[in-house]
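Trainee: Could you take me closely through one part of this structure? I would like to see how a sheet and the helices around it fit together.

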Amino acid sequence: MTVITADRNSPALTEGDRLAVDGLALNVRVSPRRKRFALTVEMDAVLTLHAPEGCPAADAERFVRAHRSWLMTKLALRERTRPLNPAKRLVEGEIFRYLGRTYRLTIDPDRPADTEVRLVAGRLIVSEEQAAEPDRGRAALVDWYCRVGSAWAAGRLQPWAARMAVAEPELHVSDLGGRWGSYRPGEGERGAGRMSLGWPLFQLPMHLVDYVVAHELAHVRVPGHRADFWRLVGQALPEYEERRAELDELGRRMWMGEIA
């Protein structure tokens, strides 16, 4: 990887370079199909400059300087919304959340190795083997969130679907790779499609889970996020903007499955 500080005799940019411009460091991606420069700010605040093949670094520097204000605005936004998701330890007393409330982990030495995790008297019970093996323990806890989340959401789906006058889709809770929810329409005569909810969602308070349910149900009628989509959400949930902002703030602090 070459770090380039542009000057009038600077070479052409190549794939994998890093361009330094006024204190900013940008990864360089070069494509022969590209006709002009472009910038992206990734979720982790990494800056990327997309450049046409053969462009000199001096031209790239001028482009970055011309768009510095936009870059700084985006960087500030990424910093405000940067994920703060903590890792968990599989030790006695570790805290886990469910529907906004906190519960402590209890390790039961007499529990069979692969017994399902249970919530008993305010404690999440796991076996010694599950606590000792991070992959096994994580899988058992994720399975618990999927089971209890499915049961809880199933009771909320019909009332929200009725309120929004949409057909009730099939419900599934799983690992969605960081997304809170998704909706896939049915094909032909296959009904109202399928709503998927990410298991970490069920750590959040009930009213935020309801917001995600309403959001995904709106997609039964309206694809995308155009004005008519948000109008439908707002009819069912007038305070949806406040809930969306709260989800953005609380959501970045939830456990997403990392074991310390």
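Mentor: Start with helix α5. It lies across strands β11 and β12, and runs at about 20° to β11. Keep in mind that this is a predicted model.

Now look at the sheet beneath that contact. It is an open sheet of three strands, in the order β10-β12-β11, and its pairing is mixed. Two strands form the edges: β10 (170-174) and β11 (181-184), each pairing on one side only. Neighbouring strands here are turned against each other by 20° on average, direction ignored. Strands of a sheet pair through backbone hydrogen bonds, either parallel or antiparallel. Take β10 and β12 (residues 194-198) as the example: they pair in the parallel sense over five bridges. Within that pair, H172 stands opposite S196 of β12. A second helix, α4 (residues 134-164), also packs on the sheet, where it touches β10 and β12. The direction of α4 makes about 150° with that of β10.

Stay with S196 for a moment. This serine lies in strand β12. Is S196 buried or exposed? The cut-off for buried is under 20% relative accessible area. S196 has 9% relative accessibility, so S196 counts as buried. Now check its contacts, leaving out residues up to four places away in sequence: S196 touches H172, L176, W180, G181 and S182.

Next, compare the helices with each other. Two packed helices are described by the angle between their axes and the distance between the axes. For α4 and α5, the angle is about 50° and the axes are 10 Å apart. The two helices are therefore oblique to each other. Their crossing is right-handed. Which residues meet there? From α4 come W152, R156, L157, W160, A161 and M164. From α5 come M206, V209, D210, V213, A214, L217, A218 and R221. Sort this contact by class and you get 11 nonpolar residues, no polar ones and three charged ones.

Helix α5 has another helix partner. Helix α5 (residues 206-221) also packs with helix α7 (residues 240-251), at an angle of about 110° and with the axes 10 Å apart. That angle makes α5 roughly perpendicular to α7. Here α5 passes α7 in a left-handed crossing. On the α5 side, the contact uses H207, L208, D210, Y211 and V212. On the α7 side, it uses Y240, R243, R244, E246, L247 and L250. The classes in this contact are six nonpolar, one polar and four charged. Find D210 on the model: it takes part in the contact with α4, and also in the contact with α7.

Finish with another pair of strands, β6 and β7. Strand β6 (residues 95-98) and strand β7 (residues 101-108) pair in the antiparallel sense over four bridges. Y98 stands opposite R101 of β7. The two strands form a hairpin with two residues between them. One residue of the turn is L99, which has a positive phi of about 50°. Now follow the side chains along β6, because they alternate. F96 and Y98 point to one face and are buried. I95 and R97 point to the other face and are not buried.

Methods:
Residues numbered from 1 in each chain as written. Predicted model: local features only at pLDDT ≥ 70, side-chain atom pairs only at ≥ 80, totals over all residues. Heavy atoms only, no water. Axes fitted to C-alpha atoms, helices over the stretch in contact; angles between N-to-C directions. Parallel < 35°, antiparallel > 145°, perpendicular 65-115°, else oblique. Left-handed = near helix turned anticlockwise from the far one by under 90°. Contact = heavy atoms within 4.5 Å. Nonpolar A, V, L, I, M, F, W, Y, C, P; charged D, E, K, R; others polar. Pairing = 2+ DSSP bridges. Buried < 20%, exposed > 50% of the residue type's maximum accessible area, 1.4 Å probe, protein only.
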